[in-house]
Amino acid sequence: MENGYKLSYLDNLESESIHVMREVFAEFEKPVLLYSIGKDSSVLLRLAQKAFYPGKIPFPLMHIDTSYKFVEMIDFRDKIPAKENVNLIVHKNDKYIKKRMHPSKFGMDKCCKFLKTKSLLDGLSSGGFDAALGGARREEERSRAKERIFSFRDQFGAWDPKNQRPELWSIYNARINPNESVRIFPLSNWTELDIWHYIKKENIEIVPLYFAKKRKIIRRDGLILLADQFNSPKEGEEVEEAMVRFRTLGCSPCSGAVESEADTLDKIIEEVMIAMNSERENRAIDYETDGSMEEKKKQGYF
Amino acid sequence: MHKEKDLLRLVTAGSIDDGKSTLIGRLLYESKGIYKDQLTSIEDIAKKKGEKEIDLSLLVDGLKSEREQGITIDVAYRYFSTQKRKFIIADSPGHVQYTRNMVTAASTADLAVIIIDARKGVLEQTKRHSFIATLLDIPHILVLVNKMDLVGYSEDVYEKIKEDYLQFASRLPTHDIQIKPISALRGDMVVKKGNNMNWYDGRTFLHYLESVNIVSDRNLIDFRFPVQTVIRPNLDFRGYAGRIESGVIKVGDDIAVLPSGKKSRIKSIETYDRKLDKAFTPQSVVLTLENHIDISRGDMLIRQRNVPEIRDELEAEVCWMAEEPMEEGGEYLIKHTTNTVPVILKELRYKIDINTLHREEKKELGLNDIGRVIIKAQKPIFFDPYVRNHKTGSFIIIDELTNATVGAGIIWYPSATLPETENSQ
């Protein structure tokens, strides 16, 4: 009889994530779901719909718009509120966008700090949010492997890796003082492959950039950049056409594509299963210095 | 099909230099749990330090400060899967803060893997880890005698360690304990059997991981449904959202609500995908009832004839996790299922010396200590003894002033009702 009560690992992960989201809603005053438009956010959104069904998602979504996101991402984002019946806040750090902050001019670290980290902290404080749900996964990067599902942040939004709250069983300590906040990662235990299997199983719509297609590209410092309004060829570079797709999506100047023939979910899953490199291989921010993700998180980055 | 795989959570514990990182590295590598660019980044570090061989522990040591100091300071979670299962490894560092970390890592594990260096045999650390694994009631313990290559793959050495370990383990509550000889470095008995230990006819480590039966470890008997939140999209719908922490429920089943004791019947089991006829642990669902009862977060739905303990005084093994020692008679909060309740940690009955398993009369419970504590709660809580139900038998202790999680508790039987048959499966 036991076999009738067996849960597949995806169902298991789904149930854990739903449990986490409900704890967040029940324990915090004002949660927000950080929506990055990527595949993990798409899964997070579906899980939030499941957690509160047949009710609506009882908190808003917020996108931190650096102004360098791929055009296809923004098109996809702008259809979300009507399609999914959610409240979406778009937050931009206009002050630094006006100052023409750009990675090539100020360096990647600084650009990220002002357009992402600082903008995120401003967005959270201006909305009075005390809990921010995000789609980060422990498998993605080694400092993330050590992060709690409920990740406590001080009044500066900073993460202190040496002083994390012990997290046992599935009992989450959500208590904070005024001005402090918690980042919550319901997808902590999911891997890239789990995300793809779930997208297929649930028939979740994602940004078309994830699928391989002939696109105009520029090759630069080992990265394949999309030739779009943000990236134009420097001297000695040329725009070429290639069959590429993106494994992760971020800002156009810092997110590289991979050459791929995977134009369907099944082909993507097959590609991920035999992949030799991690999904963040083309995310320049992780490699700038040893422990650079960890440093960013200490400053308040996701 | 990939998605039909099940999930096994394991904790690995070892002592310094016993080859744990090599073992995890090999598992991740052979099952593609590690990628080339991640490997390249640790190869670069080895080059920078002028070392010839790459240090696989760098894959596990995630924090910069850990790599600088060459020690692991926190639990790391690692993921890999095979054709049969998906695995989550909670890797607990062996030396610093070992009790706090291992208790944390062990709290969700189905299986504990404890590693012994074949040259050193059973150490104090081995005993500590085994004790914590049994305290946390991990259903399966696998002891790996590693570095067999360095003792000439000797059956005698293995048999001696096995005998020593089992002699020590006989003092622990009975569990499913298995022992295997391996060489993580050479690969013997890890994924492939190899030809060096033909005297051993057991399964390989990976084969064991893929086949150990975990379905029967779940409690499918006692229906416990702590309410997380109430879902009210409109006046006609009132549903109770939560996760079935144990047991099974069907539409039409009679239920009772704690603490009110009011009775009703399951009208529907709702999920986003479809309405269900039955649901079971650990599914997250929304339940609706035949009649309207006042129910809110912290309440628990149960079966009328299967009721948990309802008490405001309980006895628990407490693992203390804060620098500042536990204050006997001090006021704290506990979070138990979906309830947060003020408590007084009334009496420290004894502390356990986790090296000798002896009880010590001591009036202080400090960081990384484990002791038996009598707790008085402001209101009754609904619980089951931990050995019967991990989800309703566990809690965390919170310092109300700092909001820190200062301890973890495992609820023991109220002494008056301790049945004789428990702990002896």
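Guide: Before we look around, one term: pLDDT is the predictor's confidence in each residue, from 0 to 100. We need that here since this is a predicted model.

Visitor: Okay, so where in chain A is confidence lowest, and where is it highest?

Guide: The low end is helix α9 (residues 292-299) of chain A, with a mean of 70. The high end is strand β1 (residues 31-34) of chain A, at 98. Where pLDDT is low, don't read the predicted coordinates in detail.

Visitor: And what does chain A average?

Guide: A pLDDT of 88, with 93% of the residues scoring at least 70.

Visitor: Good. How many helices and strands does chain A have?

Guide: Chain A has nine helices and ten strands. To judge how they pack, set the radius of gyration beside the globule rule: chain A comes out at 19 Å, close to the 19 Å the rule gives for 302 residues, so chain A is as compact as a globular protein of that length. Along the principal axes, its C-alpha trace spans about 60 × 50 × 40 Å.

Visitor: What share of the residues in chain A is buried?

Guide: Buried means under 20% relative accessible area. By that cut-off, 64% of the 302 residues of chain A count. For the outside, think of accessible surface: chain A has about 11800 Å², and carbon and sulfur atoms own 48% of that.

Visitor: What about contacts between residues far apart in the chain A sequence?

Guide: Take the contacts with a separation of 6 or more: in chain A, residues 24 or more positions apart account for 74% of them.

Visitor: How far apart are the mean positions of the positive and negative charges of chain A?

Guide: They sit 4 Å apart, counting 49 positive and 49 negative charges.

Visitor: On to chain B. Which peptide bonds there should I check for cis geometry?

Guide: Look at omega. From B:Leu258 to B:Pro259 the bond is cis, with omega near 5°, and B:Pro259 is in the loop between β10 (254-258) and β11 (263-270) of chain B. The bond from B:Thr281 to B:Pro282 is also cis, with omega near 0°; you'll find B:Pro282 in the loop between β13 (278-280) and β14 (284-289) of chain B.

Visitor: And where do I look for positive phi in a residue other than glycine?

Guide: Try B:Thr337, where phi is near 45°. B:Thr337 lies in the loop between β17 (330-336) and β18 (339-353) of chain B. Then there's B:Asn368, with phi near 70°, in the loop between β19 (358-360) and β20 (370-383) of chain B.

Visitor: Are B:Thr337 and B:Asn368 buried or exposed?

Guide: B:Thr337 is buried, with a relative accessible area of 13%. B:Asn368 is buried too, at 18%.

Technical notes: Residues are numbered from 1 along each chain as its sequence is written. Chains are lettered from A and ligands numbered from 1 in the order in which they are written. This is a predicted model: local features need pLDDT of at least 70, side-chain atom pairs count only at pLDDT 80 or more; totals for chains, interfaces and linings use all residues. Side-chain values use heavy atoms; hydrogens and water are left out. Helices (H or I, at least four residues) and strands (E, at least two) are DSSP runs, numbered from the N terminus. The radius of gyration is taken over C-alpha atoms; the globule rule is 2.2 Å times the number of residues to the power 0.38. Buried means under 20% relative accessible area, exposed over 50%, partly exposed in between (1.4 Å probe, protein chains only). Contact means heavy atoms within 4.5 Å. Accessible areas come from the Shrake-Rupley method with a 1.4 Å probe; for residues, only the protein chains shown count as cover. Lys and Arg count as positive and Asp and Glu as negative; His and the chain ends are not counted. The place of a charge is taken as NZ of Lys, CZ of Arg, CG of Asp or CD of Glu.
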